[in-house]
Amino acid sequence: MRKISLLFLVLYLLFSCFFGMESTQRKIPLLDTTLAQAGEVTKQAHCTPTPSDELGPFYTPNAPERTSVGKGHVLTGTVRSSSDCSPIERARIEFWLAGPDGKYDDDHRATIFSAKLGVYTFESNFPPRYSSRPSHIHIKVTAQGYKTLITQYYPASGQTNGEFNLILIFEERIQ
Ligand SMILES: [Fe+2]
């Protein structure tokens with residue numbers, strides 16, 4: 001009886017060892033492939049910088065900090081680094097646009113700071129066309145270590161919300 005138990009134990013150990021190794025051997029190539037793919041993703045991570053646009057004649061610094069200057073359009077997005085797409089928190093984002101009467105004034109300027117994971121939300125009236133210009137919202141973004149971005153967002157007619165990511169160019173700090 002004892003010999004039979006010992007035989008079963010030996011057989012069990014041989015069985016486990018053989019299939020255990022095979023199972024490990026099967027897993028390693030999969031793991032290598034997964035790691036290789038992850039490496040490729042990391043190497044390829046690059047976000048195209050947001051194109052710059054005209055500052056225009058109506059920019060005024062030090063706009064009050066607020067997330068809304070009206071109703072009718074909600075703009076959301078994420079501030080990111082062009083070098084590795086990482087989110088930038090606490091980026092200073094300034095907005096200015098024409099009010100419903102088609103004129104720029106202090107009631108339609110705002111400063112907000114990107115939140116956790118670089119996200120922001122800005123609510124305003126739908127920017128009216130003026131002169132020959134299409135509807136647009138001016139945006140200026142500053143963040144330490146990045147080139148200041150001055151750009152414009154152009155919503156389509158009747159659009160009540162939009163997404164506009166703000167991709168900043170990383171600058172090496174000059175000591
Ligand atoms: Fe403008």
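1. In this predicted model, V74 stands opposite N161 in β7. The contact belongs to the pairing of β1 with strand β7 (residues 161–163), which is parallel and comprises three bridges. V74 also has a bridge partner in β4, namely E123.

2. Strand β1 (residues 73–81) and β4 run antiparallel and are joined by six bridges. Besides the bridge between V74 and E123, T78 of this region stands opposite V119 in β4.

3. A further parallel pairing links β1 to strand β8 (residues 166–168), again through three bridges. Within β8, L166 is the bridge partner of V79. Strand β1 is thus described by its pairings with β4, with β7 and with β8.

4. How many of the nine residues of β1 are buried? Seven of them are, so the strand is largely enclosed by the rest of the structure. For the chain of 175 residues, the buried share is 23%.

5. Strand β4 (residues 119–124) shows an alternation of side chains. Y120, F122 and S124 point to one face and are buried, whereas V119, T121 and E123 point to the other face and are not buried. Two residues of the latter face appear in the pairing with β1: V119 is opposite T78, and E123 is the bridge partner of V74.

6. Four strands form an open sheet in the order β3-β2-β5-β6, with antiparallel pairing. Why does one side of β3 and of β6 lack a neighbour in the sheet? Strands β3 (109–113) and β6 (149–153) stand at the edges and have a single partner strand each, so one side of each is left without a neighbour there. From one strand to the next, the twist averages 20°.

7. Within this sheet, strand β5 (residues 137–142) pairs with β6 in the antiparallel sense, over five bridges. One residue pair can be named: I137 has Y153 in β6 as its bridge partner. As a general point, strands of a sheet pair through backbone hydrogen bonds, in either a parallel or an antiparallel arrangement.

8. As to the overall organisation, the chain contains one helix and eight strands. Along the sequence, the pattern is α-β-β-β-β-β-β-β-β, with the helix placed ahead of the strands. Among the contacts in the chain with a separation of 6 or more, 70% are between residues 24 or more positions apart.

Key:
Residues numbered from 1 in each chain as written. Predicted model: local features only at pLDDT ≥ 70, side-chain atom pairs only at ≥ 80, totals over all residues. Pairing = 2+ DSSP bridges. Axes fitted to C-alpha atoms, helices over the stretch in contact; angles between N-to-C directions. Buried ≥ 20, exposed ≤ 12 C-beta atoms within 10 Å, placed from the backbone. Contact = placed C-beta atoms within 7 Å.
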